[in-house]
There are 4 protein chains.
Amino acid sequence: MAGNSFGTLFRFTTFGESHGPQIGCVVDGVPAGLSLSEADIQPDLDRRKPGTSKYVTQRREGDEVSIVSGVFEGRTTGSPIGLIIHNGDQRSKDYGEIRDQFRPGHADFTYWQKYGLRDYRGGGRSSARETAMRVAAGAIAEVILRELPPSPIIVRGALVAMGGHGLDRGAWDWDQVAENAFFCPDAKAATAWAEALDQLRKDGNSAGGVIEVVADGVPAGLGQPIYDKLDSDIAAALMTINAAKGVEIGDGFTAAALNGVGNADEMEADTNGLPRFTSNHAGGILGGLSTGQPVVARLAIKPTSSILTPRRSLNRFGEAVEVVTKGRHDPCVAIRGVPVAEAMMAIVLADHLLQARADGTPLTPRPWDTKED
Amino acid sequence: MAGNSFGTLFRFTTFGESHGPQIGCVVDGVPAGLSLSEADIQPDLDRRKPGTSKYVTQRREGDEVSIVSGVFEGRTTGSPIGLIIHNGDQRSKDYGEIRDQFRPGHADFTYWQKYGLRDYRGGGRSSARETAMRVAAGAIAEVILRELPPSPIIVRGALVAMGGHGLDRGAWDWDQVAENAFFCPDAKAATAWAEALDQLRKDGNSAGGVIEVVADGVPAGLGQPIYDKLDSDIAAALMTINAAKGVEIGDGFTAAALNGVGNADEMEADTNGLPRFTSNHAGGILGGLSTGQPVVARLAIKPTSSILTPRRSLNRFGEAVEVVTKGRHDPCVAIRGVPVAEAMMAIVLADHLLQARADGTPLTPRPWDTKED
Amino acid sequence: MAGNSFGTLFRFTTFGESHGPQIGCVVDGVPAGLSLSEADIQPDLDRRKPGTSKYVTQRREGDEVSIVSGVFEGRTTGSPIGLIIHNGDQRSKDYGEIRDQFRPGHADFTYWQKYGLRDYRGGGRSSARETAMRVAAGAIAEVILRELPPSPIIVRGALVAMGGHGLDRGAWDWDQVAENAFFCPDAKAATAWAEALDQLRKDGNSAGGVIEVVADGVPAGLGQPIYDKLDSDIAAALMTINAAKGVEIGDGFTAAALNGVGNADEMEADTNGLPRFTSNHAGGILGGLSTGQPVVARLAIKPTSSILTPRRSLNRFGEAVEVVTKGRHDPCVAIRGVPVAEAMMAIVLADHLLQARADGTPLTPRPWDTKED
Amino acid sequence: MAGNSFGTLFRFTTFGESHGPQIGCVVDGVPAGLSLSEADIQPDLDRRKPGTSKYVTQRREGDEVSIVSGVFEGRTTGSPIGLIIHNGDQRSKDYGEIRDQFRPGHADFTYWQKYGLRDYRGGGRSSARETAMRVAAGAIAEVILRELPPSPIIVRGALVAMGGHGLDRGAWDWDQVAENAFFCPDAKAATAWAEALDQLRKDGNSAGGVIEVVADGVPAGLGQPIYDKLDSDIAAALMTINAAKGVEIGDGFTAAALNGVGNADEMEADTNGLPRFTSNHAGGILGGLSTGQPVVARLAIKPTSSILTPRRSLNRFGEAVEVVTKGRHDPCVAIRGVPVAEAMMAIVLADHLLQARADGTPLTPRPWDTKED
């Protein structure tokens, strides 16, 4: 309950603060016998890590992960996997202002109200630095999705809107995602976004964005029926990401404006006689269970709260202050949210894959009933 | 895990199918000594129940709830509260078609894939009939929010869009919500929606909608910091509601298109020296914890899948079929989703209120620090 | 947390008080497709029910169970199974004394201290009547142990000591258990116990006892390694039974007095080359995991607290009182504890069987490694 | 579920293997504002650590704990507390035999069956080395019991039997516990035990023992009523300790041989008019809730399985082998089990203290009802 663990059968717990000696994570529930080393995790961390472009924070962190338990001779043992990242760039600085001020849009005020004291250095526990450990846990979830039947389930993410600017879905190219600083699948849009964000930064301002995560290869039947629905768990998972303000599945809020005829995903048999949907308004989930189509979720991220433009606030003495956040901040936190959102989706799917094994859910299409039944 | 329970300290489990003898619910974690009787629950059930207008299903259900345990001489005893509703209108009919067909937009196919067999009568377990028990559990949560300090926390809901038609927020009147068939706070919009929905029904079609739920009186500091965040729990709770496809908190997806200057909720001291925000883009939640402002969430509901217009699908023998859903269906399930959404919000808040007691979170504004600290 | 649910993947929640209208139970996590009807449950309930001999309470209860959900056309659907028993013999009587008095050995004082009020009728929630629902849930667990691979796992229980009187293990005959009023596997001992208990009753006194539960057919590898160990879960399960004061696995407290040489369970290959232990001091569990041998647990039950001999106590007004418990009470509650203990063991094993499926634990002996490995 | 976490509101997760680079623990649910440093934890670790006498393993470990998160400027922040101990004495040695053999009484065979592979070095995950982290978590639980109302709750443990040799309860002296190598409260018994254990070691043999843990200052009303009973949670907690085979509360198995008259704990008012029991057969728990008396539990520990006397077994190739365990082993693991048992008791009590806060359970004696009620 205490708020630092996530998942049911695939379950991880994170610990550590932005400027403490290390951040860490314990991943429990990983089946034995899977091939795993730091090399499976580090590339995902590198995608999330600071300092990779001018559109993300310039804090310098190697984000080098060590597996300290649960793996023996290159294979998972079924024991909990401990992951550690040492914090490198704990820049010694004067925290005087942030120590006392409640920065608008941050958790400073709410943590102070709840706890009475807080580790203010770099945001402490509420810093997005914690998400590095989610990415690490997500990389392990991806090993499960890749190695356990029905493999592989592939999770990919992209930024589909930045500061109110969208993209051309017709130009979607997954390969482009690795080619620009925005994880944007439309090269042209990425160029336009870069210009827009440059201007915002110059203005001491920041931008929000929308992340889309797509999982391919998800078998039909994953999820639970009423309260641990696949979509409910995805919503919970994504909404825990820093600065998240909205989640939608499939057509999402657009579906609310559709009518029933337009929103229906019709079914037919494919050439192998297997069930196929002719559209995917549902985003791959019906009644809380996966349909076998791609699972599609989108996540709204608010603009970075740390900006150079002064905002009025209070300090912990009840005094009016003006807050100006200098320093190394992402002008659009949605960008680095992409690998985090992928990780959380992978975690939810790995969890439900293990749940399906407990439930006896078939992981391949169920044979049609025969009429004699 | 098995998917029929929700909550941590305030935890309920539902059981029962649409056309079984009864549906029921066990609510655990309710503190002892609270005043409770069926009269606290029935009015909420009556708001959700079928047959109240031509815009909701005409199935006739008294939805009379009985408390069968956990209450003694009018007060909760701390023991689990058992709630039972007997299913009345189990209209004997030929289920032949629904028995074998996978109705588009329903959970027929996914349940069949997961379980191999299903109670097809009226949708069985996946029917929205289950939501009656959520409303009952929600009414008990509301007793907690009303009776335990800092009381009262008030949860209210409304439909803010229907079939793509919005409303005039300037005309918002909570009292109007009880006055029309749409739980719409804008009387004029309600009239327009009625016309639009009449036409859709005539066309064998249906509509989606957007529900807004607002909680007033929530003290600052409710929630957990990383993974059981208040907004994450709200998202999970709302997303479990039948036909839900999206959730947002505060400005939600709109926030993703704002910039940091525009999205900042500034703070000041009120005339009592207490902290006050000058806007509420955040929807009352920062860093997973409540700010003391109203908590605001919105929920996208897809259009009713059961429509008279034929849609192509398969049956469980793998044969192509054409599905036409006759019978008593809500043309816009979002309408009856309003009391359900309120209930889920109340449940999440009651749970976090109990968590705050365990954590030692102060439920009134924390006194300002003194400079000597 | 609220204390009315048990289990992880096989999870049940009970509700209801001794003299309320009904007691009930919701069993969640039962895989779909198992054959189940009331006829699978009723015989177990009949073994536990009151009034079957003069050594158990004479309260008259049919204890007729109804399945109200989760089963369709004779098979489990994967949905939660609701079970209801209506309370029949709610004898109208003057509860004046029990209402105010704290009966020694009962939960009257502790419930009053915790909750401030209590449903005193027949012990309310703390009555052993609740155990009827455990027996019902246990019967469903037994269906899982019987129908899912590696079937069958058989759970049996017996009373092995009564009022300090033991039995002759050499005369152990499982068939005898159904033949006497004590669930005693040694017919001679049963006769001697009957005499002893007759005398105790005549003296206004009561007896404790020791229950042994044995599970045959448990595959090696069930359990979790550190904190959800099979033995830890069994201990927790058995210790929840009313009047339980001790639990041991295998040689238990006797093992603490053994030395390492004498306590060692040596291994050898059987004629099929499969691993076999030459003794079972361990009670079938090593390192929290089953060994493939019979799982053996014993449970100490204190003597019935409700006795005719007056005992000094207080009432809720702080006054000294003398408590004499008249009425229909089991002179040795350990007797009816036998089917309850069996049920709890079956529940723990069913839960761990489902966990093993999630973990990918093989349910048959793992093939020996080859030397090239 | 995956078996490496314990507790509900006070919840900790351990990770690490005997010969990995480090072992660690994350403690979640610790309220903010408590004073905490390594100095609160290290003394407890020092009591458990190897090498302190000839009756415990001679492995040399400093067992120096570092707090890596959750504490800021000497106070808990409400964030998860990460604890790390680096493994020092990873003696490089030939693990050839232990690598392949199934040592009798150890988890070698069961881990191999469940997981297929295992970190065999020093027992890997199943090594009692993991209990160092429980002691660390327990020290934090003790801070809660000491600092939060109603403070203080004091948990103490002792060895009350060793190798079948008991002690004189009349000579019980808590101060003696720190004075001998056995945590024995009776100095004479300790001397006798030393002789007996010397002889067993000389014979290549080992001894079991019984640990008693007592908690003073526990307020009445802690616990949950049916399935998370205080005694059930204590039983589960103690039974997770390596080599544990039995748990009893209060008179335990002895109570099963008592009669109802003799077992009754009568009540009276003390000179302040507060409730007092005249005896404590119940061990401080009735109906799953604490009575306000000392909570008393005993734990049976089997003799050390690692002995010099050869025992017959199998290896993972299915071959017969003779196992002789050389090296640094505790001749009586029950000794070092004492601080571990104390820790687990403290953890359960801290958890239930937080639960009581959520439930609204009063932590001081409830005022008597008045007759007008």
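Q: What is the relative accessible area of Arg276(D)?
A: This is a predicted model in which local features need pLDDT of at least 70 and side-chain atom pairs count only at pLDDT 80 or more, while totals for chains, interfaces and linings use all residues, and side-chain values use heavy atoms, with hydrogens and water left out. Residues are numbered from 1 along each chain as its sequence is written, and chains are lettered from A and ligands numbered from 1 in the order in which they are written. On a scale where buried means under 20% relative accessible area, exposed over 50% and partly exposed in between (1.4 Å probe, protein chains only), Arg276(D) is partly exposed, at 40%.

Q: Which residue forms a salt bridge with Arg276(D)?
A: A salt bridge requires a side-chain nitrogen of Lys or Arg within 4 Å of a carboxyl oxygen of Asp or Glu, and here the closest N and O atoms are 3.0 Å apart. The partner is itself partly exposed, with a relative accessible area of 21%, and this partner of Arg276(D) is Glu268(D).

Q: How far apart are the closest N and O atoms of Asp108(A) and Arg118(A)?
A: Asp108(A) lies in helix α3 (residues 108-115; a helix is a DSSP run of H or I with at least four residues, numbered from the N terminus) and Arg118(A) in the loop between α3 and α4 (131-147), so the pair ties together parts that are 10 residues apart in sequence. Both Asp108(A) and Arg118(A) are buried. They form a salt bridge in which the N to O distance is 3.4 Å.

Q: What is the relative accessible area of Asp119(D)?
A: The side chain of Asp119(D) meets that of Arg121(D) in a salt bridge of 2.8 Å, N to O. Arg121(D) counts as partly exposed at 24%, whereas Asp119(D) is buried, at 6%.

Q: What is the volume of the second largest cavity?
A: A cavity is a set of points on a 1 Å grid over the protein atoms alone where a 1.4 Å probe fits but cannot get out, and lining residues have an atom within 4 Å of a point. Of its 22 lining residues, those closest to the centre include Pro104(C), Ser305(C) and Gly260(D). The space filled by probe spheres set on the points, joined across faces, edges and corners, is about 150 Å³.

Q: Which residue of chain D comes closest to the rotation axis?
A: Superposed by least squares on C-alpha atoms of residues with pLDDT of at least 70 in both copies, chain D lies on chain B with an RMSD of 0.0 Å after a turn of 180° and a shift of 0.0 Å along the axis. The two copies are thus related as by a two-fold rotation axis. At 2.2 Å (C-alpha), the closest residue of chain D is Ala358(D).

Conventions. 1 Å grid on protein atoms, 1.4 Å probe; cavity = no way out; pocket = protein on both sides within 12 Å on 5 of 7 lines; lining within 4 Å. Helix = DSSP H or I, 4+ residues; strand = E, 2+ residues; numbered from the N terminus.
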